[in-house]
Every structure is written in C-alpha cells, then in structure tokens.
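The following exercises concern the structure shown below. Each consists of a task and a solution worked step by step.

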Amino acid sequence: MTEDKKNRYQARQQRVKEKVDSRIEAAQEEKGILLVITGNGKGKTTSGFGTVARAVGHGLKCGVAQFIKGNWDNGERNLLEQHGVQFHVMATGFTWETQNKETDTIAAQGVWQHCLQMLQDESLNLVLLDELTYMITYGYIELDEVLEALSRRPAMQTVIITGRAAHRELIAAADTVSEVKNVKHAFEAGIKAQRGVDW
Ligand code: ATP
Ligand code: MG
C-alpha cells in the first residue's frame, strides 16, 4: 500500500469510528425491549432460547411460554429448567392434525393466562413467548389483548415473540424485528428432523 493510500484508508476508518461512537453515545435510554423474530427460515426459536441462555448466564430471571404442537421432548426446557427458568407449555389438546377450534382455544388460553402473569411480574427480566404469532393468526388469542398486556408490562422487562407471519401490529409495536429468511432447509431434501438440532 502506498503512503497516500494508507492515509486515506486511516482517515476513512477514523470517520466510521466517529460515527459509530456518536451513535453509541446517543443510545442512552435503558428499558426492556419487545423483540419479534419472524420469517420462514430456521432459527427463530433457537434465537429466542439463545437470548434466554445469555440472560441466565448473567444471573437474570427468565420465563418461557411455548405454544407448540403435541407433547415433544424439549432440549431447551431440559436444560433451562435446571437453571430456574419457568416453563409453560401448551402440551395437550392441540395438534396440527386435529384443528378443533374449541379445544385449541382452551389450550392456548390456558398458557396465555400464565403469559399474563409473567407480563406483570416485576421480577422477570426476560419473557420468551415462543410461537405466539400462530395463536393470534388462528384467533385463539386476541391481538388487542396481547398488545395491551405488552404495553403494560414492567418497564425493564424484555419480551421475545417468535413465529412465522407476525401480525403487522405486533411488528409495529416491537422495538427490534428480525426476519429469518429461508434459503434452503435440510427437510426439503428429505433429511429427518433431529434431536438436538431441531428440538
Ligand atoms: P428452530 O426451532 O430450529 O429455531 P424455527 O423456530 O425458526 O426453527 P419453526 O417455524 O418454529 O422454525 O419450525 C420448527 C421446526 O420446523 C424445527 O424443527 C425446524 O427445524 C423446522 N423448520 C424451520 N424452518 C423450516 C423450513 N423452512 N422448512 C422446513 N422445516 C423448517
Ligand atoms: Mg419455532
């Protein structure tokens, strides 16, 4: 690199650094955030649980609600319950095969009552509501009720919502939204879902 090139490179890097530093300086507000992880690619639930593990590692208190199908073994739960994370899982009364609106609504509402408690619990630093988006899409839980509970939660509480096709009002209410895009997935090539990778 010529001396001239080197100087120009350093000047450019310095300008980038100043910009970044001033934005770090400007971000002074401290509050819990609403984080939505949506999209069709793999990685939404694992991202949510990655953040729970991160928080637990800092000694923070976390709660998880999972609006999942069936009664599956759950690697994250096996680990995180041992570290004091409370779990509320919609295990029974709900499968994709028997979409019975009445029993599905009862099952979803059962877990939602626990969510309402967690969203009022000042001692909880982080709450993960895994696959909540579907409950709203199917009309098992009212969108307005979700938005209200989120807006009334303790100021320092962070909430993560995962699931495909997040409602636009949920996205509007969120502070951070990431969309995981599907580029390709092993399942499409006939590879079975695997313990420790997919659940
Ligand atoms: P993960 O739990 O692995 O982070 P996810 O939460 O992003 O996945 P979901 O839509 O909740 O994805 O689906 C859960 C299951 O479906 C997982 O076993 C996951 O591997 C699988 N899956 C996720 N995305 C796809 C996809 N695009 N095609 C096929 N299967 C998928
Ligand atoms: Mg998921």
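**Exercise 1. Determine how much surface the protein chain exposes, and describe its overall build.**

Step 1. The protein chain exposes about 12,600 Å², and 51% of this area is supplied by carbon and sulfur atoms. Accessible areas are obtained by the Shrake-Rupley method with a 1.4 Å probe, and for residues only the protein chains shown count as cover.

Step 2. The model is predicted: local features require pLDDT of at least 70 and side-chain atom pairs count only at pLDDT 80 or more, whereas totals for chains, interfaces and linings use all residues. Residues are numbered from 1 along each chain as its sequence is written, chains are lettered from A and ligands numbered from 1 in the order in which they are written, and side-chain values use heavy atoms, with hydrogens and water left out.

Step 3. Of the 199 residues of the protein chain, 36% count as buried; buried means under 20% relative accessible area, exposed over 50%, and partly exposed in between (1.4 Å probe, protein chains only).

Step 4. The chain holds seven helices and six strands, in the order α-β-α-β-α-β-α-β-α-α-β-α-β from the N terminus. Helices (H or I, at least four residues) and strands (E, at least two) are DSSP runs, numbered from the N terminus.

Step 5. The C-alpha trace spans about 75 × 45 × 35 Å along its principal axes. Among contacts with a separation of 6 or more, 75% join residues 24 or more positions apart, where contact means heavy atoms within 4.5 Å.

**Exercise 2. State where the domains lie and how far apart their centres are.**

Step 1. Domain 1 covers 1-30 and domain 2 covers 31-189; such bounds come from an automatic or database domain assignment.

Step 2. Taken over C-alpha atoms, the two domain centres are separated by 38 Å.

Step 3. Val20 belongs to helix 1 (residues 3-26) and is partly exposed, at 42% relative accessibility. From Val20 to Gln194 the C-alpha distance is 41 Å, with their positions 174 residues apart in sequence.

**Exercise 3. Establish which residues of helix 6 are buried and how they are arranged.**

Step 1. In helix 6 (residues 143-151) the residues Leu143, Val146, Leu147, Ala149 and Leu150 are buried.

Step 2. These buried residues line one face of helix 6, because they fall within an arc of 165° when seen down its axis. The arc is that of the directions from the helix axis to the C-beta atoms.

Step 3. Asp144 and Ser151, on the other side of helix 6, are exposed.

Step 4. The partners against which the buried residues pack include strand 1 (34-38), helix 4 (101-118) and helix 7 (168-173).

**Exercise 4. Trace the surroundings of Thr158 and Ala155.**

Step 1. Thr158 lies in strand 5 and counts as buried because its relative accessibility is 18%.

Step 2. The Thr158 side chain reaches the backbone nitrogen of Ile33 at 3.0 Å. Beyond its neighbours within four places in sequence, Thr158 has contacts that include Gly32, Asn125 and Val127.

Step 3. Ala155, in the loop between helix 6 and strand 5, is exposed at 58% relative accessibility.

Step 4. Outside its neighbours within four places in sequence, Ala155 is in contact with Lys31 and Gly32. The C-alpha atoms of Ala155 and Gly32 are 5.9 Å apart, although 123 residues separate them along the chain.

**Exercise 5. Describe the polar contacts of ligand 1 and its burial.**

Step 1. There are 15 residues around ligand 1, of which Lys42, Gly43, Lys44, Thr46 and Asp198 come nearest; a residue is near if one of its heavy atoms lies within 4 Å.

Step 2. Helix 2 (residues 44-57) gives the largest share of this shell, three residues.

Step 3. A polar contact is a pair of N or O atoms within 3.5 Å. A nitrogen atom of ligand 1 lies 3.0 Å from a backbone N or O atom of Asn40, and an oxygen atom of ligand 1 lies 2.8 Å from a side-chain N or O atom of Thr45. A polar side-chain atom of Asn182 is 3.4 Å from a nitrogen atom of ligand 1.

Step 4. Ligand 1 taken alone exposes 570 Å², and the protein buries 84% of that.

Technical notes. Polar contact = N/O pair within 3.5 Å; in protein donor to acceptor, adjacent residues only side chain to side chain.
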